[in-house]
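The following exercises train the reading of a protein model. Each task is followed by a solution that proceeds step by step.

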Amino acid sequence: MINQYQKTKLYEIQKEYLERNRYLGSAGIIRKLLGDRVQIDIFDANPAAIKSFAGEDVKVLPLKSGYDVLESGRPYDLIFLDPYDDFWDVYEEVVEKVGIKVGDASVCYLCPLQNRLPMGN
Ligand SMILES: C[S@@+](CC[C@H](N)C(=O)[O-])C[C@H]1O[C@@H](n2cnc3c(N)ncnc32)[C@H](O)[C@@H]1O
């Protein structure tokens, strides 16, 4: 059975991984889409996550937190921030830094789909 998602480029990229119950991470997806004409710099607070990028031809940035890239003097084409768990704890401060950084880079800051509003109000 073919569904609408199986016709997408993302599905085409993920198919071989999904068949092995795996999921290709964002750096791997970018590499598959853009090939070797782009340099991909990454950072993750979890060393195990960094290890999972081995073989993707990436440079690991020497940061303390991924958000520090927003204070880098380097103009990136795209900064992709996908921290998930601590989003709601830090987003106000981070959004302010994003506002400054978008002067020389496009920034994609993912907001997790999670209802943090108090229940019952
Ligand atoms: C949703 S996953 C990111 C998945 C990644 N985009 C991918 O496709 O492989 C969230 C990751 O953000 C990392 N993380 C959370 N807060 C961080 C921070 N302040 N700096 C760096 N990494 C952080 C977590 O360790 C976790 O591995």
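**Exercise 1. Exposed or buried**

Tyrosine 84 is exposed, with 10 other C-beta atoms within 10 Å. The model is a predicted one, in which local features need pLDDT of at least 70, side-chain atom pairs count only at pLDDT 80 or more, and totals for chains, interfaces and linings use all residues. Residues are numbered from 1 along each chain as its sequence is written.

Task: State whether arginine 31 counts as buried or exposed, and describe its surroundings.

Solution.
- Step 1. Recall the cut-offs: a residue is buried if 20 or more other C-beta atoms lie within 10 Å of its own, exposed if 12 or fewer, and partly exposed in between, with C-beta atoms placed from the backbone.
- Step 2. Arginine 31 has 20 C-beta neighbours inside 10 Å, so this residue counts as buried.
- Step 3. Arginine 31 belongs to helix 2; helices (H or I, at least four residues) and strands (E, at least two) are DSSP runs, numbered from the N terminus.
- Step 4. Leaving aside residues up to four places away in sequence, arginine 31 touches Ile40, Glu56 and Asp57. Such a contact requires that the C-beta atoms of two residues, placed from the backbone, lie within 7 Å.
- Step 5. The C-alpha atoms of arginine 31 and valine 58 are 9.2 Å apart in space, while the two residues are 27 residues apart in sequence.

**Exercise 2. Positive phi angles**

Task: Where in the chain are asparagine 21 and tyrosine 84 placed, and what is the phi of each?

Solution.
- Step 1. Asparagine 21 sits in the loop between helix 1 (9–18) and helix 2 (26–34).
- Step 2. Its phi is near 60 degrees, a positive value in a residue other than glycine. Asparagine 21 is also exposed, having 6 other C-beta atoms within 10 Å.
- Step 3. Tyrosine 84 occupies the loop between strand 3 (78–81) and helix 4 (87–101).
- Step 4. Phi of tyrosine 84 is near 65 degrees, again positive in a residue other than glycine.

**Exercise 3. The form of helix 4**

Task: Which residue marks the bend of helix 4, and how many of its residues are buried?

Solution.
- Step 1. Helix 4 has 15 residues, and its end C-alpha atoms are only 18 Å apart. A straight helix would reach 21 Å at 1.5 Å a residue, where the expected span is 1.5 Å times one less than the number of residues.
- Step 2. Helix 4 bends by about 40 degrees at glutamate 93. The bend is the angle between axes fitted to the seven residues ending there and the seven starting there.
- Step 3. The number of buried residues in helix 4 is one out of 15, so the helix lies largely in the open.

**Exercise 4. The whole chain and its domains**

Task: What is the order of the elements of the protein, and which domains does the assignment give?

Solution.
- Step 1. There are four helices and four strands, and from the N terminus on they run α-α-β-α-β-β-α-β.
- Step 2. Of the 121 residues of the protein, 5% count as buried.
- Step 3. The assignment gives domain 1 (1–62) and domain 2 (64–116); such bounds come from an automatic or database domain assignment.
- Step 4. The centres of the two domains, taken over C-alpha atoms, are separated by 20 Å.
- Step 5. Five residues of domain 1 are in contact with five residues of domain 2. On the side of domain 1 that touches domain 2, three residues are nonpolar, one is polar and one is charged. Ala, Val, Leu, Ile, Met, Phe, Trp, Tyr, Cys and Pro count as nonpolar, Asp, Glu, Lys and Arg as charged, and the others, Gly among them, as polar.

**Exercise 5. The ligand shell**

Task: Explain why the ligand is said to lie between domain 1 and domain 2.

Solution.
- Step 1. The ligand is surrounded by 15 residues, of which the closest are Gly25, Ser26, Asn46, Gly66 and Pro83. A residue is near a molecule if its C-beta atom, placed from the backbone, lies within 6 Å of it.
- Step 2. By class, the shell around the ligand holds six nonpolar, five polar and four charged residues.
- Step 3. Domain 1 and domain 2 both give residues to this shell, so the ligand lies between them.
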